[in-house]
Amino acid sequence: MKLFFTLCFFLFATTVLAQELAPDAQVKKITNEVIDIIKQDKDIQAGNRKKIDELVDAKVLPHFNFGRMTALAMGRNWPKANVEQQKVLTNEFRTLLVRTYSTALSTYKNQVIEFKPLRAAAGDADVTVKTQVKQPGTEPVSIDYGMEKTPAGWKVYDVVVGGVSLVTNYRETFNAEIRDGGVDGLIKSLASKNRSLETQASAKPK
Amino acid sequence: MNIMLRRFLGLSLLTALVGLGGCATTGGTPGDPLEGYNRAMFGFNEGVDKAIIKPVASGYKTVMPEFARTGVTNFFANLGDLWIGINNILQGKVGAGVSDFGRFAMNTTVGILGLFDVASNAGLEKHNEDFGQTLGRWGVGSGAYVVLPILGPSSVRDGISLLALDWRGDPLWYVGNIPTRNELVGVRAVDNRANLLDLSRLAEEAALDHYAYVRDAFLQRRRSLIYDGDPLPEPDPAKTSESGESKDTAALAESELPPAQIITQWGERVITAADEELTPAQEFSGAAAQPVAARPEAAGVSGAAYEPRIPSNYEALLAVSGEVHDGLARISLRPR
């Protein structure tokens, strides 16, 4: 009987562990999966937007926390937006970020990605996973992921490329937009930016 | 021709700094007192880029096979390693500096005049250093953000370093035959631009306000480079105080989560009230206010141990670097 319980415990423990990957292991797994797909898919290498978007949708986006990202980009202006506005903002910002991310992915050319050991204590709920993209002739470019533990597993809330946060880089712009036209002004600017990118994309199918 | 160009650039920078530095801060973005001039110059640079530089770079990228372009990039990158090494040593990172000289030796010989970056494959990574970063490492503040004519985003500190010193550490300027030298400088510029085509497209796509996006990316990038990817908490008051707040509100918005912790990597070295008052210009003039001290090792962060920013023997190192520089001048390709 005791053995049975022990077995049960181990079984339970291993299933939990399997579900809950460590943040760095999770980044590594997803990165490798995405790169493998890009390497095999000639359409994506040629810049097929639709296929890239599908890949990002399926593999990458579930691991991003766009609410937190939008709040981070808004900074002290975030509470100025009401719940409805926050929702719209998150949606528009998500569209913009996803687009940038997809474009970045489409420029991938066989660079080697190196994963750095995670520096975090056992109980940390907020960690930075560090990776490096290596290419000959230039210094390696770091890509760091700010990740937090949520009930739904580890989620990315910041992506920092070569020291530049793709999220907080918007803060001054958002500040200025809100200073000039309020939260609604910012929503309008984001929406029109997304629309113009949309029409650009359909104008020259790439 | 190039001396003329450099004088023109230097003069424009000086005019920009003297003329506009005085009547700065008329509203606008805090931390960008020269915004009016900067936006105008940014627009001018964009125009020149669109009309001349970008088309040439795109053509170059289309015409040249990839391996040839990599060779060109490697060739110029190799020449840059000497100055990078000197700056690493000036910053007290002797190991990195030695590695840079090792790279130069290896790539120049085994890598056939630098066309192949064999050193990277051998584990000697390329670094990114310049004199502006060295000054930053010594505690000199960046000063206001400045967009230089043609050369693009910079700061008072980095712009002066670039125009006064960095070109002296650039072996291309020691090529005696002026037309050849100009051609080399031109090819390098085109090659650099070609390498940035994807990135510039990305920035254009991502930005709501292209000027602000490039500016803020540049400032973040420089801050990160000075500390080799491990920057101190940002000195910008708005950003530091906000990031804490926004993290909390974000956490609240998702209610089940505890408020996110804000742990700076260097424990006590959080931004003090005094730091928050500093504008970039004040930061620049009051450079000495920034302590030279290393990050407190007491913070107990493993692997974050840092050398002091100024090596104790830096005067000797300066002298050595001067000799290296003179040596470089002597062995230059100048016809005798």
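Colleague: How many helices and strands does chain A have, and what makes a stretch count as one or the other?

Modeller: Chain A has 7 helices and 5 strands, where a helix is a DSSP run of H or I with at least four residues and a strand is a run of E with at least two, both numbered from the N terminus. From the N terminus on, the elements of chain A follow the order α-α-α-α-α-α-β-β-β-β-β-α. This is a predicted model, in which local features need pLDDT of at least 70 and side-chain atom pairs count only at pLDDT 80 or more, while totals for chains, interfaces and linings use all residues. Residues are numbered from 1 along each chain as its sequence is written, and chains are lettered from A and ligands numbered from 1 in the order in which they are written.

Colleague: What makes β2(A) and β3(A) a pair, and in which sense do they run?

Modeller: Two strands pair if DSSP finds at least two bridges between them; β2 (residues 126-134) of chain A is joined to β3(A) by 8 bridges, so the requirement of at least two is met. The two strands run antiparallel, and T131(A) stands opposite I143(A) in β3(A). β1(A) and β2(A) also pair in the antiparallel sense, over 4 bridges, with E114(A) opposite Q132(A) in β2(A).

Colleague: Which strands of the sheet in chain A are called edge strands, and why?

Modeller: The open sheet has 5 strands in the order β1-β2-β3-β4-β5 (chain A), with antiparallel pairing. Its edge strands are β1 (112-115) and β5 (164-165) of chain A, each of which pairs on one side only.

Colleague: Why is D117(B) called buried?

Modeller: A residue is buried if 20 or more other C-beta atoms lie within 10 Å of its own, exposed if 12 or fewer do, and partly exposed in between, with the C-beta atoms placed from the backbone. D117(B) has 26 C-beta neighbours inside 10 Å, so it counts as buried. D117(B) is found in the loop between α4 and α5 of chain B, and its C-alpha atom is separated by 8.5 Å from that of F75(B), 42 residues apart along the chain.

Colleague: How do you know whether A68(B) is buried or exposed?

Modeller: A68(B) has 11 C-beta neighbours inside 10 Å, and therefore counts as exposed. A68(B) lies in helix α3 (residues 66-90) of chain B, and the C-alpha atoms of A68(B) and L115(B), 47 residues apart along the chain, are separated by 8.9 Å.

Colleague: What makes I112(B) partly exposed?

Modeller: I112(B) has 13 C-beta neighbours inside 10 Å, which puts it in between the two limits, so it counts as partly exposed. I112(B) lies in the loop between α4 (94-109) and α5 (118-121) of chain B, and its phi is near 50°, a positive value in a residue other than glycine. I150(B) is partly exposed too, because 16 other C-beta atoms lie within 10 Å; it is found in the loop between β1 (145-148) and β2 (152-155) of chain B, with phi near 60°.

Colleague: Why is a set of residues called a nonpolar core, and which of them have the most contacts inside the largest one?

Modeller: A nonpolar core is a set of buried Ala, Val, Leu, Ile, Met, Phe, Trp, Tyr and Cys residues joined through C-beta atoms within 7 Å. The largest has 35 residues, and those with the most contacts inside it are M69(A), L72(A), A73(A), F93(A), M147(A), V167(A) and F174(A). α5(A) gives the most to this core, with 6 residues. In soluble globular proteins, nonpolar side chains tend to be buried together.

Colleague: Which residues does F93(A) touch?

Modeller: Two residues are in contact if their C-beta atoms, placed from the backbone, lie within 7 Å. Not counting residues up to four places away in sequence, F93(A) touches F66(A), M69(A), T70(A), A73(A) and L190(A).

Colleague: How do you know what confidence the predictor has in chain B?

Modeller: pLDDT is the predictor's confidence in each residue, from 0 to 100. The mean pLDDT of chain B is 73, and 60% of its residues reach 70 or more. Over residues 16-27 of chain B the pLDDT stays under 50, and for these the model has 8 contacts beyond four places in sequence. The model scores ipTM 0.86 and pTM 0.74.
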